[in-house]
Amino acid sequence: MPLKIKILLLSILPMMLVTSAVAWLGMNQARQLSEEEIRLFEQHLLGSKQRELENYVSLALTSIAHIVDTAGPDDAQAKSAVKQILTDMTFGDDQDGYFFVYTLEGVNLVHPTQPELVGQDLYDMQDARGNYVIRNLLERARQGGGFHRYLWQKPSKQAREEKISYAVMLPKWNWMLGTGLYLDDISREVAKIRAEVNRNIRNTFFTVLVIMSVAVVLVVLLGVAINLHENRLADSRLRLLAHRSILANVADRRRFSRELHDGINQLMVSVLYRIELAQRKLKQGDQEGLTDLDKGYQVLNEAIQEVRRISHDLRPTLLDDLGLEAALEGLLDRFTERTCIRLDLDIRLPGGRLPEDVEITVYRLVQEGLTNVERHSGAGLLRLRLWQQSGQLWLKMQDDGCGFDPEVLERFEGIGLRNMRERVELLGGEFRLASRQGQGATLLAGLSLQQAGGER
C-alpha cells in the first residue's frame, strides 16, 4: 500500500473513530439528560394537579361548612342540602370536573356525571388494572386525606383514562368527599416533549455525520496537509456544536420557568386568604362570609384563566400559521383590551417569512415588554417600532411611565428582563434598556437576519 494512502487512512480513521465516539457519547448523555428533565417536568405537572385538587376539596368543604357545622348526625334535610350543593359544583370547561361522596361502606351518594351509580355499593369495584378504587380512596380519607391514581371513565371522551383523586372524611356523617383530575393531558405533553427531544437528538447526530463526511471528502481531495488543517477545524466545529447543544438544553429549562414565573402564586394566596376570611366569618355567624367565598371563587377563576393564558403563550399558534405581524396584532389587541394605555405603532417588516428563531424572539420580547409596561410603568402611551436595517431587524419600545433607576435595576434585574436579554444574546443580537425616574423607559433590540435560523 502506498505511503500516501497509509498516511491518508491514518488521518481519516482516527477522525472517524473519535467523531463517532463523541457523537455516540453525546447522544447518550443528551438522552439521559432529556429523560431526567422530562421526569422532573412530569413531576411538576403532577404536583400542580395535586395542589389544585386540594384547593378544590377545600373550596367544597367551605361551601358546605355552614350546613354541616349546624346539622346533627342524622339530619336528613341537611344531608340532602349538602348532596345538592356538591352535585351542582363543577369546575373546568367540560364535564370532567366534579365531586363525589361515598359512605364508609362504599355506597355512592353523589356522582353528577354518572347518576346511575348513586345508591350502588362500589366498595369492591376494581379498574382494568385490578386496582380497588373506592376501597383505596376510603383508606386515604381515613388517614386524614390523600391521593389515589386509578382508571375511570372520562365524561367528555366516554372512555377510561388515568385519573388522580383527592379524598377526605366528613366525620360527622362518616362520608368520604373527594374530587379528581384526569391525567391524559400530562401524558400528551410528556409524549410531545419526548418526541421533540428525540427529533433534536437525531438531527444532531445527522449533523455530526454530515460534518464528518465533508471532512473525509476534503481530506481525500486536498491531501495530508489540508487534512491536518481540517481536523483542527472539525474539532472547533464539534466544540461549537457541543456548546450550542448545552445552550439549547439550558434554554429549554429556562423557558418553563420563564412562562410560569409570575401571577399564579399571588392569585392562589388571595384565594386562600378569602377562604380563611370566609371561614372565620361563617363560624361567627356572619353571612358576609359568603361574599368572601364568591370573591375567592372569582380569583380562582382568574388563576385558571392565567394558567390557560400561560399554556397558550408557550406555543403561539398565530405565529406558526400567519407569521409575526399577525401574531403581534393579536398580542397588541389583547393588550389594548386589558389596559387603557394608548399605542403608537410603526411596524415595517420585510416581505416573506422571517427566520423562525427571529420571529419567536421578537414575539417574546414584545410580550414580556407589554407585561412590564402594564404592571410596573403606569404609562399612558406606548410607542412600538419594528423595522429592518443593514441586515438586522430592530425593535424599539418606549413608554412615558414612571421609569426606574438603572443602577438599581442592574443589581436587582428580574427574571423577565433577564430572559429578554438572554434570548437576544443567544442569537448574537444587541439588547439595550435605558430609563430615568419619571421619564419612562426605552427598550432597543437588534437581531441579525443572516445568521438566524433555528427551531421554535
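Student: In the hairpin of β10 and β11, which residue takes a positive phi?

Tutor: In this predicted model, Gly438 does, with phi near 85°. The hairpin has 5 residues between the strands.

Student: What makes β10 and β11 a pair of strands?

Tutor: Pairing requires at least two bridges. Strand β10 (residues 430–435) and strand β11 (residues 441–448) are joined by 6 bridges, so they qualify as a pair. The two strands run antiparallel, and Ala434 of β10 has Thr442 in β11 as its bridge partner.

Student: Why is the pair of Phe100 and Tyr102 called edge-to-face?

Tutor: A pair of aromatic rings is described by the distance of the centres and the angle of the planes. For Phe100 and Tyr102 the centres are 5.9 Å apart, which is within the 6.5 Å limit, so the rings pair. Their planes stand at 65°, which is over 60, and therefore the pair is edge-to-face. Both Phe100 and Tyr102 are buried.

Student: What makes the pair of Phe147 and Tyr166 tilted?

Tutor: The planes of Phe147 and Tyr166 are 40° apart, a value neither under 30 nor over 60 degrees, so the pair counts as tilted. The distance is 4.8 Å centre to centre. Phe147 belongs to strand β4 (residues 146–154) and Tyr166 to strand β5 (residues 159–170), so this pair ties together parts that are 19 residues apart in sequence.

Student: How do you know whether Phe147 and Tyr166 are buried or partly exposed?

Tutor: The cut-off for buried is under 20% relative accessible area. Tyr166, at 12%, falls under it and therefore counts as buried. Phe147 has 23%, which lies between 20% and 50%, so Phe147 counts as partly exposed.

Student: What makes Arg135 a charge over the ring of Tyr132?

Tutor: The distance limit is 6 Å from the ring centre. Arg135 lies over the face of Tyr132 at 3.8 Å from the ring centre, so the distance condition is met.

Student: How do you know that the buried residues of helix α3 are on the same side?

Tutor: The buried residues of α3 (residues 133–142) are Val133, Ile134, Leu137, Leu138 and Ala141. They cover an arc of only 125° around the axis, and this places them on the same side of α3. The buried residues of α3 pack against β2 (97–103), β4, β5 and β6 (175–182). Just after α3, Gly144 has a positive phi of about 105°.

Student: Why is Gln158 called exposed, and Asn174 partly exposed?

Tutor: Gln158 has 54% relative accessibility, which is over 50%, so Gln158 counts as exposed. Asn174 has a relative accessible area of 41%, between the two cut-offs of 20% and 50%, and is therefore partly exposed. Gln158 is in the loop between β4 and β5, whereas Asn174 is in the loop between β5 and β6.

Student: What is notable about the phi of Gln158 and of Asn174?

Tutor: Most residues other than glycine have a negative phi. Gln158 is not a glycine, yet its phi is positive, about 55°. Asn174, also a residue other than glycine, has a positive phi near 55°.

Student: Which residues have the most contacts inside the largest nonpolar core?

Tutor: They are Val82, Leu86 and Leu177, in a core of 41 residues. Helix α1 (residues 3–68) gives the most to this core, with 12 residues. Beyond its neighbours within four places in sequence, Leu86 is in contact with residues including Ala60, Ile64, Phe99 and Leu177.

Note on methods
Residues are numbered from 1 along each chain as its sequence is written. This is a predicted model: local features need pLDDT of at least 70, side-chain atom pairs count only at pLDDT 80 or more; totals for chains, interfaces and linings use all residues. Side-chain values use heavy atoms; hydrogens and water are left out. A nonpolar core is a set of buried Ala, Val, Leu, Ile, Met, Phe, Trp, Tyr and Cys residues joined through side-chain atoms within 4.5 Å. Buried means under 20% relative accessible area, exposed over 50%, partly exposed in between (1.4 Å probe, protein chains only). Helices (H or I, at least four residues) and strands (E, at least two) are DSSP runs, numbered from the N terminus. Contact means heavy atoms within 4.5 Å. Rings of Phe, Tyr and Trp (its six-membered ring) pair if their centres lie within 6.5 Å; planes under 30 degrees apart count as stacked, over 60 as edge-to-face and the rest as tilted. A charge sits over a ring if NZ of Lys or CZ of Arg is within 6 Å of the ring centre and within 35 degrees of the ring normal. The arc is that of the directions from the helix axis to the C-beta atoms.
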